[in-house]
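This report describes selected features of one structure, with attention to sheet architecture, helix packing, the ligand site and local backbone geometry. The sequence and the coordinates are shown first.

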Amino acid sequence: MYLTADEEKIYNGESGETLAKCMEILVTLGEIYGADRLIPVRSVQVAGVSYRTIGDAGLEWIRDLRAKTRVPTILNPAGMDLKDWKKMGINEDFAERQLEIITAYEHLGVRPECTCTPYHIHNDLAHFKDHLAWSESSAVSFANSVIGARTNREGAPSALAAALIGKTPNYGLHLDENRRPTLTIQANGKLDDSDFGSLGHIAGPLVENKIPIFEFEVKPTLAELKQLGAAMAATGSVALYHIKELTPESELYPQPAETITIEWNEIKEVYDCHCEPDLIAIGCPHLGPEELTKLAKLLKDKQVKKELWIFTSRKLAKQHPGEVNKIKKSGAKLFCDTCMVVSPASERFKCMMVNSGKALNYVPKLCGVKCTLGTTKECIHTAVTGEKR
Ligand code: F3S
């Protein structure tokens, strides 16, 4: 892999041990995947934030780094609401370690905003054709597919290395030839809301290592695209998809030779997972403004009978105080900086009802909690009546 004279110097340790280590991570990755060079990135999103996931070893690793980020860098959700962690039932020891992780990242120049939907709160992080180094799979999918920016799915160390160097190796989804659709997926029936998470849940494993292009009867909304991509990235490893006549790169390439069809019945069958929910959790991926408004309307003048947790970014919550008040008045709890999957707070429940195909896949595996899928309206109905529709 070609390195400029300045990059060589960093690699050889002339800018210190931390940057040499970062350069080694990027060069090793680049050589494994056949990158020709390093390319500058506009922004970085770093996963590996929850104390539950990275533990003391991860904290020590971040603390030992001596450098500053060179591009805007934002964090993935942490293991708790950084302010209201007591309301989540998080214990003092966990909270202390989690806050130490955030402080360690801040010392590196990372913005202490913990969200998997940074595109809802910043418009300087990703534009069409920008190169990025993002980590969280749903954020990666959204950036590539909906924004038309370019990022591989980075691990926590490679994302942080990219943040501190300001560059990433040029391979994979950074290259035009790897963004061409290779499988058409026709989804039959008029889909809505959580149907897109359900579809993504089914499509993920079917896609394998191909790039899908979807054909829909009715064009999905941004929130629905987010659900589709998040679920496909969770059940498969899909980091880029196109939607015919909708997403920015969908018309740039020839149509694929292979087509599969997913029927409406198959999509509806994903809702048939039964358990009696003691927690309803909404906000995977973190809510955007449309979804927050929709929830505020659904909860207006209602009182919840079951525990209802709603997740979004702190900045978005601050920007929408009216909606947040309506949600909180219903007795629902709105948490920021975290989510039902990465926080240990979910583990004390037996069955979680979600409107997200990604959470449906991850909650049983990562939290050991049974999970059932509903539409957003069904989730709210269950929360306010105490009964599953
Ligand atoms: Fe985001 Fe947590 Fe879901 S990080 S995509 S809300 S699992």
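## Sheets, ligand site and backbone geometry

In this predicted model, V354 stands opposite L373 in strand 15. That pair belongs to the parallel pairing of strand 14 (residues 351-354) with strand 15, which runs over four bridges. Both strands are part of an open sheet of five strands in the order 13-12-11-14-15, with parallel pairing. Strand 13 (333-336) and strand 15 (370-373) stand at the edges of this sheet; each has a single partner strand, so one side of each is left without a neighbour in the sheet. From one strand to the next, the twist averages 25°.

Two helices pack on this five-stranded sheet, as the following table sets out.

| Helix | Residues | Strands touched | Angle between directions |
|---|---|---|---|
| Helix 10 | 289-299 | strand 11 (279-287), strand 12 (307-312), strand 13 | about 155° with strand 11 |
| Helix 13 | 357-367 | strand 11, strand 14, strand 15 | about 165° with strand 15 |

Strand 11 is thus touched by helix 10 and also by helix 13.

A second open sheet consists of four strands in the order 9-8-7-10, again with parallel pairing. Its edges are strand 9 (242-243) and strand 10 (259-262); because each has a single partner strand, one side of each is left without a neighbour in the sheet. Strand 7 (residues 183-187) pairs with strand 10 in the parallel sense over four bridges, and T184 stands opposite T259 in strand 10.

Where does the ligand sit? The ligand occupies the largest pocket. The residues around the ligand are P77, C116, E136, S138, G283, C284, P285, C339, V341 and K358. By class, this shell comprises six nonpolar, two polar and two charged residues. Strand 11 gives the most to the shell, with three residues.

The ligand shell also includes a notable point of backbone geometry. C284 and P285, both among the residues around the ligand, are joined by a cis peptide bond with omega of about -10°. P285 lies in strand 11, the strand that gives the most to the shell.

A further backbone feature concerns E208, which has a positive phi of about 50° although it is not a glycine. E208 is found in the loop between helix 7 (195-207) and strand 8 (212-215). Strand 8 is one of the strands of the four-stranded sheet.

How values were computed:
Residues numbered from 1 in each chain as written. Predicted model: local features only at pLDDT ≥ 70, side-chain atom pairs only at ≥ 80, totals over all residues. Heavy atoms only, no water. Pairing = 2+ DSSP bridges. Helix = DSSP H or I, 4+ residues; strand = E, 2+ residues; numbered from the N terminus. Axes fitted to C-alpha atoms, helices over the stretch in contact; angles between N-to-C directions. Contact = heavy atoms within 4.5 Å. Near = heavy atom within 4 Å. 1 Å grid on protein atoms, 1.4 Å probe; cavity = no way out; pocket = protein on both sides within 12 Å on 5 of 7 lines; lining within 4 Å. Sits in = over half its atoms within 2 Å of the grid points. Nonpolar A, V, L, I, M, F, W, Y, C, P; charged D, E, K, R; others polar.
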